[in-house]
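Let's take a stroll through a protein complex together. Keep the 3D view open while you read, and turn it around as we go.

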Amino acid sequence: MINQRFKYTLLLSSLPVQPAELFTSKLPVISRIQLDKRLAILDAEDTADLDRIEGLLHWSKMHEWDDATIINRGQSELNLIRSSFLRDIVSWRLELRTLLTALRRRHAGENITPSDIFYGFGDHLQFIRRNWQKPDFGLGNTLPWLKQANQLITENKPQTLDKLMLELNWKHYARLSLGHYFDFPAVALYVLRWDLINRWVSYDKDRALLRFNELISAGMADVSLEFEGKP
Amino acid sequence: MNELLVVLGWIGLYAPMALGAVGSIMGCSVAGQAAIGAMLDTETGHGRYIGVSAMPSSQVIFGIVVMFTLNRPVNIDNAAGLFAVGVLAGLALMFSGVYQGQCCAAAIHASKAKPEIFGLSIVPAAIVEGFAVFTFIFALVISGGIPKL
């Protein structure tokens, strides 16, 4: 009992405290290299669980598979996570992404009927299929953010939408952190919150423009326009 | 039956010391880990982290004193009293040590991020210590009623 609840006292005390508000962060409180060094204290099973959690949630660790494969593999990975508390955290985030995907697909003009296959995570897939035309898929009472997210997609405000999603996740993690101070869920939540901070502080308009131009230049490198050099 | 009573009496004699030591071991271990972790993340104030992490060691000292106070030839007249006072005092000291360690770990963790609350952050640990002192004092008081011969 005490061993589990205080299993990672040393590790968590060695990590800098994260800010209460996500959007006040200018830099992550600890670098990923330093964080990974500290996480070496985790035992093998917890390390495997944390890898699974990050593998399921981190965009950079996603593979370009088709929807069915992503869902099947994701579900089997999810089932391998030992703690139901941590499985719920991952499920919640994946469900949030499923709903966001549905909003975007509908905005792009797709039409899903109750008999169509709709891949995703969570318990709301039936709702989404049945209530495809409703702005909030009939889930507005249980998930009040859906209306706001739908509005932001309609108004073409991706950055505000992204901010809304980050804040939702941040608050969800903050709520779950209560009661977990030195155990493995506290470590997992710390890492997930670190990912959110890292994502937020990496938003840089100038760098994004530079990267966009690089990509355009790389894509256009082999393209020669016919009228070039002609009188 | 008499032999069993005598065995229980001996258990009661040693229980405050043994259970107090268990509480101190667990408490100091948790608080000590927090102190070492905090040292990795801070440049100053290391001494006070170690000082706070040693707070749960008082339980074993209380346990030793209670054990010596209870110490007397064990017989069927005093065995039940020794068992009851010794085991209950030991359990109280053990739990206070464990939970004081948790309070100390939390205090170290919190004061690392906000050094100005260091004094206030150790109040919960001091309150737990107060309960251990109650256990200790009243074990001494009540042991006066246990027959010596």
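Let's start with a pair of helices in chain A: α9(A), residues 158–177, and α10(A), residues 184–201, pack at an angle of about 160°, and their axes are 10 Å apart. Anything over 145 degrees counts as roughly antiparallel, so α9(A) and α10(A) are roughly antiparallel to each other. Their crossing is left-handed.

Who meets whom here? On the α9(A) side you'll find A:L166, A:N169, A:W170, A:Y173, A:L176 and A:S177, and on the α10(A) side A:A186, A:L189, A:L192, A:R193, A:L196, A:R199 and A:W200. Sorted by type, the residues of this contact come out as 9 nonpolar, 2 polar and 2 charged.

By the way, what you're looking at is a predicted model. For the complex, the predictor reports an ipTM of 0.80 and a pTM of 0.83. Chain B has an average pLDDT of 95, with 100% of its residues scoring at least 70.

Now for the spot where the two chains touch. Here 13 residues of chain A are in contact with 17 residues of chain B. Helix α2 of chain A (residues 9–14) supplies the largest share of chain A's side, namely 6 residues. That side of chain A is made up of 10 nonpolar and 3 polar residues, with no charged ones.

Here are the two contact surfaces we've met so far, sorted by residue type:

| Contact | Nonpolar | Polar | Charged |
|---|---|---|---|
| α9(A) with α10(A) | 9 residues | 2 residues | 2 residues |
| Side of chain A that touches chain B | 10 residues | 3 residues | no residues |

What about chain B itself? It has 6 helices and 0 strands, so to speak an α-α-α-α-α-α pattern when you read along the sequence. Its C-alpha trace spans about 60 × 20 × 20 Å along the principal axes. Of the 149 residues in chain B, 52% are buried. Take the contacts in chain B between residues at least 6 apart in sequence: 86% of them join residues at least 24 apart.

Last stop: A:I81, back in chain A. You'll find A:I81 in the loop between α5 (67–80) and α6 (84–107). Is A:I81 buried or exposed? It's buried, because 21 other C-beta atoms lie within 10 Å, and 20 or more is what it takes. Leaving out residues up to four places away in sequence, A:I81 touches A:D49, A:R52, A:I53, A:L86, A:R87 and A:V90. A:N111 is 30 residues from A:I81 along the chain, and their C-alpha atoms are separated by 34 Å.

Terms used. Residues numbered from 1 in each chain as written. Chains lettered and ligands numbered in written order. Predicted model: local features only at pLDDT ≥ 70, side-chain atom pairs only at ≥ 80, totals over all residues. Axes fitted to C-alpha atoms, helices over the stretch in contact; angles between N-to-C directions. Helix = DSSP H or I, 4+ residues; strand = E, 2+ residues; numbered from the N terminus. Parallel < 35°, antiparallel > 145°, perpendicular 65-115°, else oblique. Left-handed = near helix turned anticlockwise from the far one by under 90°. Contact = placed C-beta atoms within 7 Å. Nonpolar A, V, L, I, M, F, W, Y, C, P; charged D, E, K, R; others polar. pLDDT = per-residue confidence, 0-100. Buried ≥ 20, exposed ≤ 12 C-beta atoms within 10 Å, placed from the backbone.
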